[in-house]
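Thanks for coming. I will take one model today and go through a few parts of it in turn.

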Amino acid sequence: MSDLPDLESLRLLVEVERLGGLGRAARSAGIAQPSASKRIALLERRLGLTLLERTPTGSTLTSQGTMIAAWAAQVLAAAEELMRGAQAVRHARAAHLHIAASMTVAEYLLPRWLGELQSRQPQVQVGLEVQNSAEVARLVGDGAGGIELGFVEGPSVPQGLAARVVATDRLVVVVAPGHPWARRRTPLLSAELAATPLVVRERGSGTRETLDRALAGHVAAAPRLELGSNTAVKGAAREGSAPAVLSGYAVEAELATGRLVEVATGGIDLERRLRAVWRRGRPPTGPAAVLMAIALGAARG
């Protein structure tokens, strides 16, 4: 979308909320107050909302502005996570700490963990390989590229690796708002789910392994689509191709905005554990141990 607000305008709005006025926010940002006022006015036009209450004594946020500032803070935090993740991928070869992570962990959990690691040990440069769980297990087991630690989503511990649970997750069945299941009032049972062609992740992913195990007692229909990323699966589900089964982390934003609808299930075990894995007999040390401790602390928090 070409009319998306720029991050600097969102940051300025958050500063108005934090400091209590546009003038203070402008000084904090190092810009003149008229420039700050123009930037907020442009943001107001893009959003179609009045964000500032302008008076002769100063400008403060309206109730709408306060609400938008809270959302803006979330957008800025997500942008910072994006940059930390991109930096880890970019520095994969020159890193001090080499790790691998499954796609769900890499997209939705690891950026926060890396941010905490950077706060504690700013000198540590992290290199990240993002693969499905089966490939992460292979990379860790082989020690390929000096990878010391991996994060996987599958329901079992790969052979030859030691593991520790760092988070829990639940797969959810989601459909487009126009799908008939979006309006159903009875829980979806395992037999019906198994008999339905679904949009699913590829074999080798932890998401797919968890789903296959949950439906193991039934003859499963062939997938409608088998795709290699959470983003692709969500896109197909939003277009109404078929129901999809994905991590709750992966569809959190879509459920909150109504772009996807969760279908209640009954008698289907879609819970799973997310694990840190390392070669047996070689427990994480140094920055790898710190990163795993951060992940464990986040789970307890």
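I start in the sheet. Strand 3 and strand 4, residues 126–130, are paired parallel, with five bridges between them. One pair to find on the screen is A100 with its bridge partner E129 in strand 4. Strand 3 also runs parallel to strand 5, residues 149–152, and three bridges join these two. A100 appears here again: its bridge partner in strand 5 is G150. So much for the pairing.

Before I go on, a reminder that this is a predicted model.

Is strand 3, residues 97–101, mostly covered or mostly open? Mostly covered: five of its five residues are buried. On one side those are L97, I99 and A101, and on the other H98 and A100, which leaves both faces of the strand covered.

Now the chain as a whole. The chain has 301 residues, and 45% of them are buried. It holds twelve helices and 13 strands. The C-alpha trace spans about 70 × 50 × 30 Å along its principal axes. If you take the contacts with a separation of 6 or more, 74% of them are between residues 24 or more positions apart.

Next, the helices at the start of the chain. Two packed helices are described by the angle between their axes and the distance between the axes. I will give both for each pair.

Take helix 1, residues 7–19, and helix 2, residues 22–29: their axes come within 8 Å and cross at roughly 120°. That angle makes helix 1 oblique to helix 2. The crossing of these two helices is right-handed. Which residues make the contact? From helix 1 they are L12, E15, V16, R18 and L19, and from helix 2 they are L22, R24, A25, A26, S28 and A29. By type, the residues of this contact of helix 1 with helix 2 are seven nonpolar, one polar and three charged.

Helix 1 also packs on helix 3, residues 33–47, at an angle of about 110° and with the axes 10 Å apart. Helix 1 and helix 3 are therefore roughly perpendicular to each other. Helix 1 brings E8, S9, L10, L12 and L13 to this contact, and helix 3 brings A36, R39, I40 and L43. Those residues divide into six nonpolar, one polar and two charged. L12 of helix 1 is in this list, and L12 is also in the contact with helix 2.

The remaining pair here is helix 2 with helix 3. What are the angle and the axis distance for helix 2 and helix 3? The angle is about 105°, and the axes are 9 Å apart. That makes helix 2 roughly perpendicular to helix 3. The contact is made by L22, G23 and A26 of helix 2, with Q33, A36, S37 and I40 of helix 3. Here the residues are four nonpolar and three polar, with no charged ones. Among the helix 3 residues, A36 and I40 are in this contact, and A36 and I40 are also in the contact with helix 1.

Moving along the chain, we come to a hairpin. Strand 1 and strand 2 form it, with two residues between them. Strand 1, residues 52–55, and strand 2, residues 58–61, pair in the antiparallel sense over four bridges. R54, for example, has S59 of strand 2 as its bridge partner.

T55 is in strand 1. Is T55 buried or partly exposed? T55 counts as partly exposed because its relative accessible area is 36%, and buried would need under 20%. Now look from T55 across to P155: these residues are 100 apart in sequence, and their C-alpha atoms are 59 Å apart in space.

Set against that L193, which sits in helix 8, residues 190–195. L193 has a relative accessible area of 0%, so it is buried. What does L193 touch, leaving aside its neighbours within four places in sequence? The contacts are V173, W181, L188, L198, L211, L215 and I268. As for V245, it is 52 residues from L193 in sequence and 9.9 Å from it in space, C-alpha to C-alpha.

That is the end of my part; I can put any of these residues back on the screen.

Technical notes:
Residues are numbered from 1 along each chain as its sequence is written. This is a predicted model: local features need pLDDT of at least 70, side-chain atom pairs count only at pLDDT 80 or more; totals for chains, interfaces and linings use all residues. Side-chain values use heavy atoms; hydrogens and water are left out. Axes are lines fitted to C-alpha atoms, for helices over the stretch in contact, and angles run from 0 to 180 degrees between N-to-C directions. Angles under 35 degrees count as roughly parallel, over 145 as roughly antiparallel, 65 to 115 as roughly perpendicular and the rest as oblique. A crossing is left-handed if the near helix is turned anticlockwise from the far one by less than a right angle, and right-handed if clockwise. Contact means heavy atoms within 4.5 Å. Ala, Val, Leu, Ile, Met, Phe, Trp, Tyr, Cys and Pro count as nonpolar, Asp, Glu, Lys and Arg as charged, and the others, Gly among them, as polar. Buried means under 20% relative accessible area, exposed over 50%, partly exposed in between (1.4 Å probe, protein chains only). Two strands pair if DSSP finds at least two bridges between them.
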